[in-house]
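Student: I would like to go through this structure slowly and ask, for each label, what justifies the label. Could we set each value against its cut-off before we accept a conclusion?

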Amino acid sequence: MNHNFAAAKEKANMSLMKLSTRNSISSSLRIFQTSRFLSYVADDERVYASSSIIHPTATVHPNAILGQGVSIGPFCSISSSAKLGNGCRLYPGSHVFGNTELGDSCTLMTGAVVGDDCPGCTVIGSNNTIGYHAVIGVKCQDLKYKPEDECYLEVGHNNDIREHTSIHRSSKSTDRTVIGDGNLIMGACHIAHDCKIGSNNIFANNTLLAGHVEVEDYVHTAGATVIHQFCHLGSFSFLGGGSVVRNYNVMLLHK
């Protein structure tokens, strides 16, 4: 009988130890999830502390400027010249390089890359979503680009830029690539250097815009549309799937 009592007592102690361990782990997780990491930023010789949630595997340069309520997931990286607005969210494995500014409430999905270490800057407005493995604001694919030249990309507000899309900076310091507001740019689209895109456009999957293309507002391209360099699409244009728009003047000059 004493043996049974001792066994029962030992079993009860083991249960208490397991419960204590689980509570300790849960408590640690809660502490991590709600912890606030202070990032001190300088502005006009004044210093502010901004509260953000930063995963311990993320790399955030101490000179980066973080707004309030920023969330940075595992294995992300933030450059020294980066500036993130309030409420930005970076999902695991997303990166902000070079002189890049994100407005308030921007979201970078897993694998997204914004900015480049080349001269110039990338400026993203507020409430933009950058999709999985999209590459935004890197140097262009134009042979006339010189590595020492500054190049620029400006993106407005409320754009939905989907997975695997690429948008390049300008090819020279006197120009810039510009994206307006409220555009839906679907998966695997490409917008090349020096393009000027207006607002409220819809580019379906695999729409490809060569350099210096101008698109006004409320344009809709169906899938696999190709726009030749220096072309201009007026507002409310609609292009069917697989359409090719060419600039014959440029083609004749090349011949």
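Tutor: Let us begin with the cut-offs for burial: a residue is buried under 20% relative accessible area, exposed over 50%, and partly exposed in between. Please keep in mind throughout that this is a predicted model.

Student: With those cut-offs, why is Arg 176 called partly exposed?

Tutor: The relative accessibility of Arg 176 is 28%, and because partly exposed covers the range between 20% and 50%, Arg 176 is placed in that class.

Student: What makes the contact between Glu 154 and Arg 176 a salt bridge?

Tutor: The criterion is a side-chain nitrogen of Lys or Arg within 4 Å of a carboxyl oxygen of Asp or Glu, and the N to O distance for Glu 154 and Arg 176 is 2.7 Å, which satisfies the criterion. This pair links distant parts of the chain, with Glu 154 in strand S16 (residues 151–155) and Arg 176 in the loop between S18 and S19, 22 residues apart. Glu 154 is partly exposed as well, because its relative accessible area is 31%.

Student: How many salt bridges does a search of the whole structure find, and which others can you show me?

Tutor: The search finds 4 salt bridges. Among them is that of Lys 144 with Asp 142, where the closest N and O atoms are 2.4 Å apart, and another joins the side chains of Arg 162 and Glu 163 at 3.2 Å, N to O.

Student: How do you know whether Asp 142 and Lys 144 are buried or partly exposed?

Tutor: Asp 142 has 18% relative accessibility and therefore counts as buried, whereas Lys 144, at 41%, counts as partly exposed. For the other pair, Arg 162 is partly exposed at 36% relative accessibility, and Glu 163 is partly exposed with a relative accessible area of 24%.

Student: Why is strand S16 described as mostly covered?

Tutor: In S16, 4 of its 5 residues are buried. Across the chain, buried residues make up 41% of the 255 residues.

Student: How do you know that S16 is paired with strands S13 and S19?

Tutor: Pairing requires at least two bridges between two strands. Strand S13 (residues 120–124) and S16 share 5 bridges in the parallel sense, and S16 and S19 share 3 bridges, also in the parallel sense, so both pairs pass the cut-off. In the first pair Ile 124 stands opposite Val 155, and in the second Glu 154 stands opposite Val 178.

Student: What about S19 and S22, which pair over 2 bridges?

Tutor: Strand S19 (residues 177–179) and strand S22 (residues 196–197) pair in the parallel sense over 2 bridges, and because at least two are required, the pair qualifies. Val 178 stands opposite Lys 196 there.

Student: What makes S4 and S28 edge strands in their sheet?

Tutor: The sheet is open and has 9 strands in the order S4-S7-S10-S13-S16-S19-S22-S25-S28, with parallel pairing. Strand S4 (65–66) and strand S28 (232–233) each have a single partner strand, so one side of each is left without a neighbour in the sheet.

Student: How do you know that Cys 121 is in no disulfide?

Tutor: A disulfide needs two cysteine sulfur atoms within 2.5 Å, and the structure holds 0 disulfides. For Cys 121 the nearest cysteine sulfur, that of Cys 151, is 8.8 Å away. Cys 121 counts as buried because its relative accessibility is 19%, and Cys 231 counts as buried at 5%.

Student: Why is the phi of His 164 worth pointing out?

Tutor: Most residues other than glycine have a negative phi. His 164, although not a glycine, has a positive phi of about 65°, and its place is in the loop between strand S17 (160–161) and strand S18 (166–168). Tyr 218, also not a glycine, has a positive phi of about 60° and is found in the loop between strand S25 (214–215) and strand S26 (220–221).

Student: Finally, why can Val 244 belong to a surface patch?

Tutor: Patch residues need over 30% relative accessible area, and Val 244 is partly exposed at 49%, so Val 244 passes that cut-off. Leu 208, Val 226 and Val 244 form the nonpolar patch, with about 210 Å² of accessible area together.

Terms used
Residues are numbered from 1 along each chain as its sequence is written. This is a predicted model: local features need pLDDT of at least 70, side-chain atom pairs count only at pLDDT 80 or more; totals for chains, interfaces and linings use all residues. Side-chain values use heavy atoms; hydrogens and water are left out. Buried means under 20% relative accessible area, exposed over 50%, partly exposed in between (1.4 Å probe, protein chains only). Patches are made of residues with over 30% relative accessible area and no salt bridge: like charges are joined within 9 Å, nonpolar side chains (Val, Leu, Ile, Met, Phe, Trp, Tyr) within 5 Å. Accessible areas come from the Shrake-Rupley method with a 1.4 Å probe; for residues, only the protein chains shown count as cover.
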